[in-house]
Amino acid sequence: MQRLGKNAGRYLGDTIDIRQVQRDIELAAVQHGWTSETFFESHEFKLFALTRNSKPETPNPKRIYLSAGIHGDEPASPLAALQLLQENRWPDNLDLWFCPCLNPIGFTMNTRENGHGIDLNREYLNTVAEEIKAHLKWLERQPKFDLCLLLHEDWESHGFYLYEQNPDGRPSLAEPMIEAISKVCPIDPNEIIEGRPAQNGIIRPNLDPRTRPQWPEAFYLITNKTRQSYTLEAPSDYPIETRVNALVTAVRTATDLISK
Ligand SMILES: [Zn+2]
């Protein structure tokens with residue numbers, strides 16, 4: 001598969017009409033029985049969280065949290081959220097929480113940051129951005145999750161990669177995800193990705209969040225909400241269908257495995 005070669009210094013590929021994508025997301029969610037809760041509104045945009053319960057009387061349902069669209073120059077992320085909601089193929093024994101687009105205004109400008117130039121994914125400890133204050137308030141009201149999946153893209157990567165946080169050494173979902181994704185999207189072969197050691201597209205960062213002042217969402221989640229989390233990075237110099245397919249495949253593989 002050929003890289004497009006469009007990205008130079010930033011993401012310069014296809015953009016999306018986020019208003020339409022958000023409408024389609026809400027429509028699919030309603031059609032498939034999700035509950036939507038708006039936790040932040042500003043101008044014409046709102047942030048909402050979708051929830052859906054496992055089948056009644058499921059013993060020990062697993063709790064899964066997903067988030068997408070926190071960086072406005074990563075369009076495959078909310079598009080993957082939309083496709084997952086439209087396809088509606090979730091194992092019956094999962095309780096699901098889904099924030100499908102955390103930075104809608106960023107998509108109107110094709111910028112990583114929000115309307116005030118803030119990278120929202122550095123805001124989860126010392127928080128200035130109002131939307132992340134609201135997101136944290138919402139998260140604090142939710143139970144602990146068995147698994148968190150965060151959907152991203154990287155404009156300069158050579159293929160798909162992911163970060164695994166799994167401090168208790170639970171059965172890793174990283175290799176099965178990479179194996180499944182490799183059938184639909186190139187995997188980044190580099191041994192150093194984003195300055196960190198990587199193997200077959202898997203980064204297992206050895207970082208103590210307490211030593212870092214700027215927390216991404218993943219640091220907040222692993223510290224407060226979960227013991228297993230994956231940040232999924234699609235390579236945004238490939239065709240958008242490929243990247244959406246990669247993210248959807250990652251979520252499907254992880255949710256299928258954790259449901260067993
Ligand atoms: Zn991102």
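Biologist: In which sense do E2 and strand E4 (residues 94-99) pair?

Modeller: In this predicted model, E2 and strand E4, which covers residues 94-99, are joined over three bridges. Within that pairing threonine 51 stands opposite tryptophan 97 in E4. The sense in which E2 and E4 pair is antiparallel.

Biologist: Over how many bridges do strand E1 (residues 35-42) and E2 pair?

Modeller: E1 and E2 form a hairpin with two residues between them, and histidine 43 in the turn has a positive phi of about 50°. Glutamate 37 stands opposite alanine 49 in E2. E1, residues 35-42, pairs with E2 in the antiparallel sense, and the number of bridges is seven.

Biologist: How many of the eight residues of strand E2 (residues 45-52) are buried?

Modeller: Buried here means under 20% relative accessible area. Strand E2 is mostly covered, and the number of its eight residues that are buried is six.

Biologist: Which arrangement do the four donor atoms around the zinc ion make?

Modeller: The zinc ion is coordinated at 2.1 to 2.4 Å by ND1 of His71, by OE of Glu74 twice, and by ND1 of His152. A tetrahedral site would need all angles to lie between 85 and 135 degrees. Because the four donor atoms subtend angles of 57 to 149°, the arrangement is irregular.

Biologist: How many residues apart in sequence are the parts that histidine 71 and histidine 152 tie together?

Modeller: The donors of the zinc ion follow the spacing H-x2-E-x77-H along the chain. Histidine 71 lies in the loop between strand E3 (62-67) and helix H2 (76-87), whereas histidine 152 lies in strand E5 (residues 147-154), so the pair ties together parts whose separation in sequence is 81 residues.

Conventions. Residues are numbered from 1 along each chain as its sequence is written. This is a predicted model: local features need pLDDT of at least 70, side-chain atom pairs count only at pLDDT 80 or more; totals for chains, interfaces and linings use all residues. Side-chain values use heavy atoms; hydrogens and water are left out. Donors are N, O and S atoms within 2.8 Å of the metal (3.2 Å for Na, K and Ca); water is not among the atoms, so sites may look incomplete. Four donors count as tetrahedral if all angles lie between 85 and 135 degrees; four count as square planar and six as octahedral if opposite donors are over 155 degrees apart and all others between 65 and 115; anything else is irregular. Helices (H or I, at least four residues) and strands (E, at least two) are DSSP runs, numbered from the N terminus. Buried means under 20% relative accessible area, exposed over 50%, partly exposed in between (1.4 Å probe, protein chains only). Two strands pair if DSSP finds at least two bridges between them.
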